[in-house]
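Trainee: Could we take a close look at one part of this model, namely how its charged side chains are paired?

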Amino acid sequence: AGSTPPNTTRNVFGYRQTTCLKAMETAAHPDDRCREIFLRLIAEYEGALRRLAGVYANAPQDREDIVQEIAVALWRAIPAFRGESSERTWLYRIAHNTAITISGKLRRKAHSESSMDEGFEHPSDAEHEDERLIREQKRRWLFHAIRDLRVLDRQILSLHLEDLSHGEIGEVTGMSPGAIATRLSRIRDRLTQGARQLEVRP
């Protein structure tokens with residue numbers, strides 16, 4: 001196959017148009033089918049991958065690095081995918097395993113708290129200042145709380161927030177649907193308790 005035209009990656013990742021090309025440069029696949037699957041997956045799951053990166057890393061550059069590494073891992077794994085599991089659970093399994101590995105390295109670096117919410121949706125300028133500050137405080141607390149969870153709990157919760165069923169989460173994590181339900185209940189209880197404590201602070 002010939003070289004990939006530059007416009008095939010335009011607007012796939014809004015913050016870095018060359019993400020797909022960088023991933024595809026790491027390994028050569030013999031046909032265009034892999035490239036088409038890869039570009040479709042990245043376009044379809046861009047938002048989910050960015051949210052996943054936000055669960056595992058604080059600084060914008062670290063989140064970008066995680067997404068790039070996930071893209072590389074997906075590109076390399078596509079030829080071996082045989083459909084034994086759903087495409088979605090296959091993708092999330094690769095994404096989370098990659099994010100866990102990369103975030104373990106990133107935790108050794110210093111993180112700037114001031115950059116935590118960069119790259120996520122920001123409130124409207126028309127929103128009342130007090131409401132904006134409360135919303136920002138809650139969002140900051142939520143990301144801190146999620147990142148403070150054990151790795152498995154973080155993985156389960158992020159998959160749940162992406163609307164995967166207990167069965168699908170089980171395919172990614174190797175746990176039974178019943179164990180997933182129990183774990184999610186405990187996570188919700190912990191986060192709810194933390195949120196209540198935040199609300200009663202002076």
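Mentor: What follows is an account of the salt bridges, and then of one arginine that has none. The model is a predicted one, and the count of salt bridges in it comes to 5. As background, side chains of opposite charge can pair when their charged atoms come close.

Let us begin within a single helix. Glu 44 and Arg 40 both belong to helix α2, which covers residues 32-56. They are 4 residues apart, about one turn of the helix, and their side chains form a salt bridge with an N to O distance of 3.6 Å. Glu 44 is exposed, its relative accessible area being 51%, whereas Arg 40 is partly exposed at 36%. This pair also belongs to a wider arrangement: Arg 40, Glu 44 and Glu 87 are linked in a network of salt bridges.

Helix α2 also takes part in a pairing with a distant part of the chain. The side chain of Arg 51 forms a salt bridge with that of Glu 162, at 2.7 Å from N to O. Arg 51 is in helix α2, while Glu 162 lies in the loop between α6 and α7, and the two are 111 residues apart. Arg 51 is partly exposed, with a relative accessible area of 44%; Glu 162, at 16%, counts as buried.

A further salt bridge joins the side chains of Glu 168 and Arg 88, with an N to O distance of 2.6 Å. Glu 168 lies in helix α7 and Arg 88 in helix α4 (residues 87-106), so this pair ties together parts that are 80 residues apart in sequence. Glu 168 is buried, with a relative accessible area of 19%, and Arg 88 counts as partly exposed at 23%. The two residues fall on either side of the cut-off, because buried means under 20% relative accessible area.

Finally, consider Arg 154, which is found in helix α6, residues 151-161. This arginine is buried yet has no salt bridge. The nearest side chain of opposite charge is that of Asp 148, which is 7.2 Å away. A salt bridge requires a side-chain nitrogen of Lys or Arg within 4 Å of a carboxyl oxygen of Asp or Glu, so at 7.2 Å Asp 148 does not meet that requirement with Arg 154. The side chain of Arg 154 does, however, reach a backbone atom: the oxygen of Arg 147, at 3.4 Å.

Terms used: Residues numbered from 1 in each chain as written. Predicted model: local features only at pLDDT ≥ 70, side-chain atom pairs only at ≥ 80, totals over all residues. Heavy atoms only, no water. Buried < 20%, exposed > 50% of the residue type's maximum accessible area, 1.4 Å probe, protein only. Lys, Arg positive; Asp, Glu negative; His and termini not counted. Polar contact = N/O pair within 3.5 Å; in protein donor to acceptor, adjacent residues only side chain to side chain.
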